[in-house]
Amino acid sequence: MLRNTQDLEKLALGATDGAIGEISDFYFDDAQWIIRYLIVDTGSWLSGRKVLISPMAVCKPDLWEERTLPISLTRDQIEASPDTDTDQPVSRQQERAVLSHYGYPWYWGGTGLWGGGLYPYIVVPGLVGFGTTPAPFGQPDVADRELAANSQQDDPHLRSCHEVVGYRVHASDGEVGHVQGFLVDENTWAVRFLIVSTGSWWHGHEVLIATDRIKTVEWSDNTVSVDMSRQALMDAPVYDPSVPFGRTDEAGVHQQLHP
């Protein structure tokens with residue numbers, strides 16, 4: 001199932017020994033278009049401090065309607081996590097500090113979305129799926145340390161979803177509207193589609209643009225360019241946020257966007 005990030009905001013997060021706060025935003029990888037961290041507002045528990053939680057820690061909820069996302073971390077682990085300025089882009093160096101604290105290996109360097117696999121829990125030693133016992137928390141192994149030492153990607157590469165909402169979207173033949181939101185795969189945490197509001201150009205419809213049709217994102221002037229024409233967008237299915245969006249719907253949209 002694909003989830004609108006706006007619907008996921010305000011989900012409560014439950015550690016193994018109690019509530020920790022609510023999701024306030026997400027950091028996504030601006031190269032692979034995948035959610036790398038949940039930004040969690042801890043409220044009165046940690047005096048409004050915001051912490052980063054990797055999807056590696058997320059257990060699959062039984063019922064999304066309960067509005068609580070269980071994670072395989074304790075409150076003490078979260079309280080002791082490194083401070084990160086969530087108002088600024090995050091660098092590899094900061095990520096290494098967060099992942100090392102929780103004993104998680106680096107997800108970069110492999111061929112999959114998460115290291116060598118498709119799902120975030122794949123990279124955590126001892127985890128074979130949702131709801132299993134987490135691996136012991138410790139330091140990354142030697143191979144991980146060597147990868148970190150050789151990594152030259154210390155420039156900020158993670159972006160806030162909130163930051164991108166409102167970016168102007170340009171088709172091959174003109175502006176078509178602005179980014180309204182994101183549809184995310186609830187299992188892989190990959191961003192599959194941008195939700196684009198067409199505004200006055202096309203009667204305020206919301207349409208979906210697959211992230212593989214994005215040509216460039218100009219962070220300096222807040223624009224997204226896509227490899228599609230205005231007419232192709234008008235021919236695409238109109239997005240209805242009240243209707244659940246599954247794999248069949250995704251395949252249908254891709255078929256229309258990739259004639």
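**Contacts and cores in a predicted model**

Q: Which residues does Glu9 touch, not counting residues up to four places away in sequence?
A: The model is predicted. Glu9 sits in the loop between helix 1 (5-8) and strand 2 (12-15). With sequence positions up to four places away set aside, Glu9 touches Ile23, Ser24, Phe26, Arg67 and His162.

Q: What distance separates the C-alpha atoms of Glu9 and Ser24?
A: Ser24 is among the residues that Glu9 touches. Along the chain the two are 15 residues apart, while their C-alpha atoms are separated by 5.5 Å.

Q: Is Glu9 buried or exposed?
A: The relative accessibility of Glu9 is 17%. Buried means under 20%. Glu9 therefore counts as buried.

Q: Which residue has the backbone oxygen that the side chain of Thr42 reaches at 2.5 Å?
A: Thr42 lies in the loop between strand 4 and strand 5 (50-53). Its relative accessible area is 4%, so Thr42 is buried. Beyond four places in sequence, Thr42 touches residues including Ile20, Gly21 and Gly48. The backbone oxygen reached by its side chain at 2.5 Å is that of Arg49.

Q: Which strand gives the most to the largest nonpolar core?
A: The largest nonpolar core has 61 residues, and Leu38, Ile53 and Trp189 have the most contacts inside it. With 6 residues, the strand that gives the most to this core is strand 4 (residues 34-41).

Q: How many residues are in the other core, which includes Leu183 and Phe193?
A: Trp189, in the largest core, is in contact with Leu8, Trp114 and Val184, among others beyond four places in sequence. Apart from the largest core lies another, with Ile195 and Ala210 also among its members, and its residues number 7.

Methods
Residues are numbered from 1 along each chain as its sequence is written. This is a predicted model: local features need pLDDT of at least 70, side-chain atom pairs count only at pLDDT 80 or more; totals for chains, interfaces and linings use all residues. Side-chain values use heavy atoms; hydrogens and water are left out. A nonpolar core is a set of buried Ala, Val, Leu, Ile, Met, Phe, Trp, Tyr and Cys residues joined through side-chain atoms within 4.5 Å. Buried means under 20% relative accessible area, exposed over 50%, partly exposed in between (1.4 Å probe, protein chains only). Helices (H or I, at least four residues) and strands (E, at least two) are DSSP runs, numbered from the N terminus. Contact means heavy atoms within 4.5 Å. A polar contact is a pair of N or O atoms within 3.5 Å; within protein, one must be able to donate a hydrogen and the other to accept it, and residues adjacent in sequence count only if both atoms are side-chain atoms.
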